[in-house]
Each structure stands twice: as C-alpha cells, then as structure tokens.
Amino acid sequence: MFDLRYHVASLAAVFLALIIGILVGVGISDRGLVDSAKTKFLQDEVASLQHRLDNKSTQKADQARDRAAAQTFINETYPALAHNRLKGKQVAVVYVGSDTGAIRSSVDGALRDAGAQQVRLRALKVPIDAKQLDAALKGQPAAAGLRGKANFEALGRALGQELVLGGDTPLWDSLTGALIEHQDGGTQMPADGVVVVRTASPQSGATSKFLLGLYEGLGSTSAPAVGAEQTDAADSATAVFRQAGLSTVDDVDTPVGRLALLLLLAGQSPGQYGVKDSATNGALPPLPARPASAGG
C-alpha cells in the first residue's frame, strides 16, 4: 500500500542529508566562503528539520502502536461489540456482479453477528444490455423519462431508491430478467440500511453511468448506505462509492472492518473507513456507549 507520509519523510531525510553535505563540503573546501552568520543559519535549519523529523518519527511509531493495540482489542472483543447491535433492523444487500465468494461470507456473517435480518439481496448482471433494458421498460408508466441512453444515470437512481424504500417496485419488476443474476427476499418491506459490494471489474460507458446513478439512489434515502470491499480487492470501488455519497469500509474481511460496517449501518458518523489510503476517517466510526440494562 502506497503511504505518502512515508515518502514525504524519506524526501525530508534526503533534504537533511543534502544540507549537511553542503555545509560540511563548503566549510572544508573554503572556510572563507561561509561566514559565521550563514553557518549559524544553516545549522539552525538543520537542527529544526531534524527536530521535526524526530517528532514525526516518534508520532508515527506511537500511532502505529496505538493502532495495533486497538485492532488487537477489537479482534478479541468483536463478538461482544457486534452482538445485537442491529437487532430488529432490516438490511438490503446489493452485489454488482456475483454474490458468491469470501466477501459474501464476511457481509452475511457481520449482519448475523449483529442480529440484523437481510430483507433482500440483489446480484446484478454487468455490463448492462442497453437495448434489452429499453425494451423491458417499454409501456411501463413508471419508466416515463427514464428510457434511452441519455437517462441511464436517472434510471439507476430510481432503481436504487425503489430497492431501499420497498413497497411497489415497478422498475425492478420490469427489469428482473435484464438486470438480476440472483435474488433473495421480497420487495415490500423498507430497508433500514443497505450494503453495496462491487465484485465485478470496473465498468465503462452506459453501465458506468447506470451504476453511478444506482449508488446515488441507494444513498439518497434516510437509510444508511455503505459500500464495502475486502482489503485485497483487485480493483477498489471506494472512489466511485464516495463520489456517489456512500460511506465506505475497505476491510470488511477483518473484525475491525466488520465492526465499522455495523456501526455505519447503525447510524454512526458517515465517512470513509478502513486501512487503505482512501480511508480518510480512520479505521472505525466513534463507538457509542451501550445503553444501560434495566435494573443496573
């Protein structure tokens, strides 16, 4: 994983060595060229830079130790922290691509650990067939203004909203054969939260526009919407999830990542969480205190 801070520190160290080399080299070759004031100035700059580097190195080591300690603590206490955190919540899950493999086990396991019910699952076929979609929507009143290549993003947005809100879903009903590879669960009950996972490779053209709209639609309701992936995802989707306004978790295959997913679905601070450079909000949302049990 590319760590910009490491490379900045490395460049600063090279700069420090360069200053020292110039100072020593000039002083040896011709002491008359470096008067005492300039020498003092360079020495002060070297000392200041060294102090800043030492502080950054110490801070980085402290942060690494703190992070490791926190991860160890969460790994050991995850079952208790996750238990019933989403009890009674109905969560929808959308896969862009296949819903088989390790990441489904991670998502299903996290929801099960937290006592959530998976209200519905949809695994989508990509790339989309534009002509097939357009033909399937022909004559559908709910598709007014959503047909044609110019409206793929709007169509995706409407489908995302339908999937979260539940009830009557005329667009999904019309497009089941054209869009869905696999599905579980009905459509009537609204979702209290939604998880979206892209297992397919990045898409382009009409499919890319459609998916951006879908992600935007999933995130446009009051229900928390989270884009999830594994730490070893070959093609990260966090950038497009973030562009669409979704929170993200980039390490859902770890106990820390699964807890982050559950906290976001429970309504904690939206943001980008995980271990990659895209995780600008850290490893976890703030961990709320458990409500006190009755009588104690």
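In the predicted model, the largest cavity is lined by Arg120, Arg122, Leu163, Thr169, Trp172 and Thr187. The space enclosed there amounts to about 40 Å³, and a search of the whole structure returns 1 cavity of 30 Å³ or more. By class, the lining comprises 2 nonpolar, 2 polar and 2 charged residues.

One of the lining residues, Arg122, also takes part in strand pairing, its bridge partner in β3 being Gln183. Strand β2 (residues 117-124) and β3 are joined by 4 bridges and run antiparallel. Both strands belong to an open sheet of 7 strands, in which the order is β3-β2-β1-β4-β5-β6-β7 and the pairing is mixed. The edges of this sheet are formed by β3 and β7 (272-273), each of which pairs on one side only.

Within the sheet, strand β5 (residues 225-228) is covered on both faces. Ala225 and Gly227 lie on one side of β5, Val226 and Ala228 lie on the other, and all of these residues are buried. Strand β4 (residues 193-198) pairs with β5 in the parallel sense over 4 bridges, and Val197 has Ala228 of β5 as its bridge partner. The connection from β4 to β5 passes through helix α7 (residues 205-218), giving a right-handed β-α-β crossover. Strand β6 (residues 247-249) is likewise parallel to β5, to which it is joined by 3 bridges. In this pairing, Val226 is placed opposite Ser247 of β6. A right-handed β-α-β unit is again found here, made by β5, helix α8 (residues 238-243) and β6.

Turning to charged contacts, side chains of opposite charge can pair when their charged atoms come close. The search of the whole structure identifies 7 salt bridges. One of these connects the side chains of Asp108 and Arg104, with an N to O distance of 3.0 Å. Both residues are located in helix α3 (residues 102-113), where Asp108 and Arg104 are 4 residues apart, about one turn of the helix. Asp108 is classed as buried because its relative accessibility is 19%, below the 20% cut-off.

Arg104 has a further salt-bridge partner in Asp184, with the closest N and O atoms 3.9 Å apart. Because Arg104 lies in helix α3 and Asp184 in strand β3 (residues 180-184), this pair ties together parts that are 80 residues apart in sequence. Asp184 has a relative accessibility of 35% and therefore counts as partly exposed.

Another salt bridge is formed by Asp134 and Arg147, for which the closest N and O atoms are separated by 3.3 Å. This pair links distant parts of the chain, with Asp134 in helix α4 (residues 130-137) and Arg147 in the loop between α4 and α5 (152-165), 13 residues apart. Asp134 is partly exposed at 26% relative accessibility, and Arg147 is also partly exposed, with a relative accessible area of 33%. Elsewhere, salt bridges with shared partners join Asp99, Arg104, Asp108 and Asp184 into one network. Within this network, Arg104 is bridged to both Asp108 and Asp184.

Methods. Residues numbered from 1 in each chain as written. Predicted model: local features only at pLDDT ≥ 70, side-chain atom pairs only at ≥ 80, totals over all residues. Heavy atoms only, no water. Salt bridge = Lys/Arg side-chain N within 4 Å of Asp/Glu carboxyl O. Helix = DSSP H or I, 4+ residues; strand = E, 2+ residues; numbered from the N terminus. Buried < 20%, exposed > 50% of the residue type's maximum accessible area, 1.4 Å probe, protein only. 1 Å grid on protein atoms, 1.4 Å probe; cavity = no way out; pocket = protein on both sides within 12 Å on 5 of 7 lines; lining within 4 Å. Points joined across faces, edges and corners; volume = space filled by probe spheres on them. Nonpolar A, V, L, I, M, F, W, Y, C, P; charged D, E, K, R; others polar. Pairing = 2+ DSSP bridges. Right-handed = clockwise from strand over helix to strand, strands pointing away.
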